[in-house]
Amino acid sequence: MPVTLPLWLLVLILLFAAVTFASHFLFPSVRWFFRKRMERAVSKLNTRLRKPIEPFKLARRHDTIQRLIYDPKVSEAVVRTANVEKVPEAVAFERARKYAREIVPSFSASVYFGFGTRVARWLSNALYDIRLGEVDDSALKVIDGEATVVFVINHRSNMDYVLITHLVSRASTVAYAVGEWARVWPLSWLIRAMGAYFIRRGSKGQLYRAVLSRYVQMASQAGVTQAFFPEGGLSLTGKPQKPKLGIISYIVQGWEPGKRDVVFVPVGLNYDRVPEDKVLVRAATTGERKFRPSVWSVITSTPVVIWRAIRLKFTPFGTVAVGFGDPLVLSRYLDEGGDETIDGIGNELMGRIAEVIPLVPVPLVSRAILSGAETRADILAFVKNDLVVAKSRNVTTPRRSAEQVVEDGLKLLAARKLIASTTSPVPSDSTRPVIEYYAATVEHHFASGA
């Protein structure tokens, strides 16, 4: 017996059938196909990485979120929040789920190695002459290969993320703690795919802190290589800042003696030029930390940079130097009687970072200019003296001669019109704060108690 249906109903039935077929048969098969391809690619990658990609990073994001929100400590925080705020536990639980979705990354090996590290390598080498300080191989050899490695870095520029990604890419992947500035699509998607996790600076909610701390602890206990900036934000003055202790406390409190060790590797960065220097100096003057370059300035400056690069007139940003300090092996540090308080560990790490911040031409020349040197000969004499003092204190110095250091520093400052010329190295009142910013990056090496 024939059944007559309206055309719209037939289309609707076919549409539902197609969706059902896809969700039950097609999508799982496609996901399985790409998952297998990814696993083969990761296995191949792991053969050339010094520290293989951890299974924790390769887990499905949904599974990690579920594991996080049902963690006993998070559940306890949900109950406490519901009691304190007089809301149903289901409401507090959904808030925890929201936080977990916000924090947990969705690492993609193909994005990280196929796109991210290549862009990082190209951009780092296009803008800077990269100089690496000496690494103490004897200190590294005694580190347990199964330990969780955490790079702790002074925060000078948003280029820090790019530079460290480039330098570490041959050995391992690295997961960053990234601030709220990056929670803008499509940047947020790319950062999540690179394995970074977002944190809210200064969040006072105990539920949020519980979710964040448990994620950081789970990643650390699984051996995920991490990197974060203990200063908590970009230095507005150029000087190393006091540490913010949140991430440090989460890692230390989650560590259990006898299990996977934690190794903090201090990294000191210094630049001849950071792209944000004038923005940072202005923020230090106004006291407003929530600074951002205007959209209009980005729109207008980008074509200029591209055009100058095409015409081969783009001036590179000089040298960026990277210094590596003595690793702090958590178990050994505590066994040897180190200050076991979070404040003590944080101050110890910032001290080790400050010790290995390298000297580069622009900060050295800036110090000389601020000392009152008015001629090239005066600057050269001042820089020579600084280099002698720095070497006596085991500070990483440029490998070129003092004459070449002065030449490079003066050229970079003159090209940006921060001084009148290389023969008349006198800053104006408007450019002097920028000179002071760069001089401050190395000032601690020459303090009387250094």
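**Close-up views of a predicted model**

The buried residues of helix H16 are Pro 361, Val 362, Pro 363, Leu 364, Val 365, Ser 366, Arg 367, Ala 368 and Ile 369. They are shown here in a predicted model.

**Figure 1. Helix H16 is mostly covered**. The helix spans residues 361–370, and nine of its 10 residues are buried. Its buried residues pack against several elements: strands E6 and E7, and helices H17, H18 and H19. Strand E7 covers residues 319–324. After H16 comes Gly 372, with a positive phi near 110 degrees. Arg 367, one of the buried residues of H16, also takes part in a salt-bridge network that appears in Figure 4.

**Figure 2. Helices H12 and H19 cross at roughly 100 degrees**. H12 runs over residues 277–286 and H19 over residues 432–440. Their axes come within 10 Å. The crossing angle makes H12 roughly perpendicular to H19. From H12, the meeting residues are Asp 277, Lys 278, Leu 280 and Val 281. From H19, they are Pro 433, Val 434, Tyr 437 and Tyr 438.

**Figure 3. A salt bridge joins Glu 146 and Arg 260**. The N to O distance is 3.9 Å. Glu 146 sits in the loop between helix H7 (137–141) and strand E2 (148–153). Arg 260 sits in the loop between helix H11 (246–254) and strand E6 (262–271). The two loops hold partners 114 residues apart in sequence, so the pair ties these parts together. Glu 146 is exposed, at 54% relative accessible area. Arg 260 is partly exposed, at 32%. A further salt bridge pairs Glu 256 with Lys 259, at 3.2 Å from N to O. Here Glu 256 is partly exposed, with 38% relative accessibility, and Lys 259 is exposed, with 57%. The whole structure contains 16 salt bridges.

**Figure 4. Glu 403 and Lys 384 form a salt bridge between helices H18 and H17**. Their side chains meet at 3.4 Å, N to O. Glu 403 belongs to H18 (residues 402–415) and Lys 384 to H17 (residues 376–392). The partners are 19 residues apart, and the pair links distant parts of the chain. Both ends are partly exposed: Glu 403 has a relative accessibility of 44%, and Lys 384 has 39%. Elsewhere, Arg 367, Asp 386 and Glu 443 are joined into one network by salt bridges that share partners.

**Figure 5. Pro 105 is buried in a loop between two helices**. The loop runs between helix H5 (89–103) and helix H6 (109–127). The relative accessible area of Pro 105 is 11%, under the 20% limit, so the residue counts as buried. Beyond neighbours within four places in sequence, Pro 105 is in contact with Arg 61, Arg 192, Gly 195, Ala 196, Tyr 197 and Tyr 215. Lys 57 is 48 residues away in sequence, yet its C-alpha is 8.5 Å from that of Pro 105.

**Figure 6. Two lysines in loops have positive phi**. Lys 86 has phi near 55 degrees, a positive value in a residue other than glycine. Its place is the loop between helix H4 (72–85) and H5. Lys 86 is exposed, with a relative accessible area of 73%. Lys 417 is not a glycine either, and its positive phi is about 60 degrees. This residue lies in the loop between H18 and H19. Lys 417 is exposed too, at 66% relative accessibility.

**Figure 7. Leu 12, Leu 15 and Phe 16 form a nonpolar surface patch**. Together they have about 310 Å² of accessible area. Leu 12 is in helix H1, which covers residues 7–46. At 36% relative accessible area, Leu 12 is partly exposed.

**Figure 8. The whole chain sets the context for the close-ups.** The chain has 450 residues, and 47% of them are buried. Its secondary structure comes to 19 helices and eight strands. The accessible surface is about 23,800 Å², with 59% belonging to carbon and sulfur atoms. Among contacts between residues at least 6 apart in sequence, 76% join residues at least 24 apart.

Terms used: Residues numbered from 1 in each chain as written. Predicted model: local features only at pLDDT ≥ 70, side-chain atom pairs only at ≥ 80, totals over all residues. Heavy atoms only, no water. Patch = residues over 30% accessible without salt bridge, like charges linked within 9 Å, V, L, I, M, F, W, Y side chains within 5 Å. Areas by Shrake-Rupley, 256 points an atom, 1.4 Å probe, with all protein chains shown as cover. Helix = DSSP H or I, 4+ residues; strand = E, 2+ residues; numbered from the N terminus. Buried < 20%, exposed > 50% of the residue type's maximum accessible area, 1.4 Å probe, protein only. Axes fitted to C-alpha atoms, helices over the stretch in contact; angles between N-to-C directions. Parallel < 35°, antiparallel > 145°, perpendicular 65-115°, else oblique. Contact = heavy atoms within 4.5 Å.
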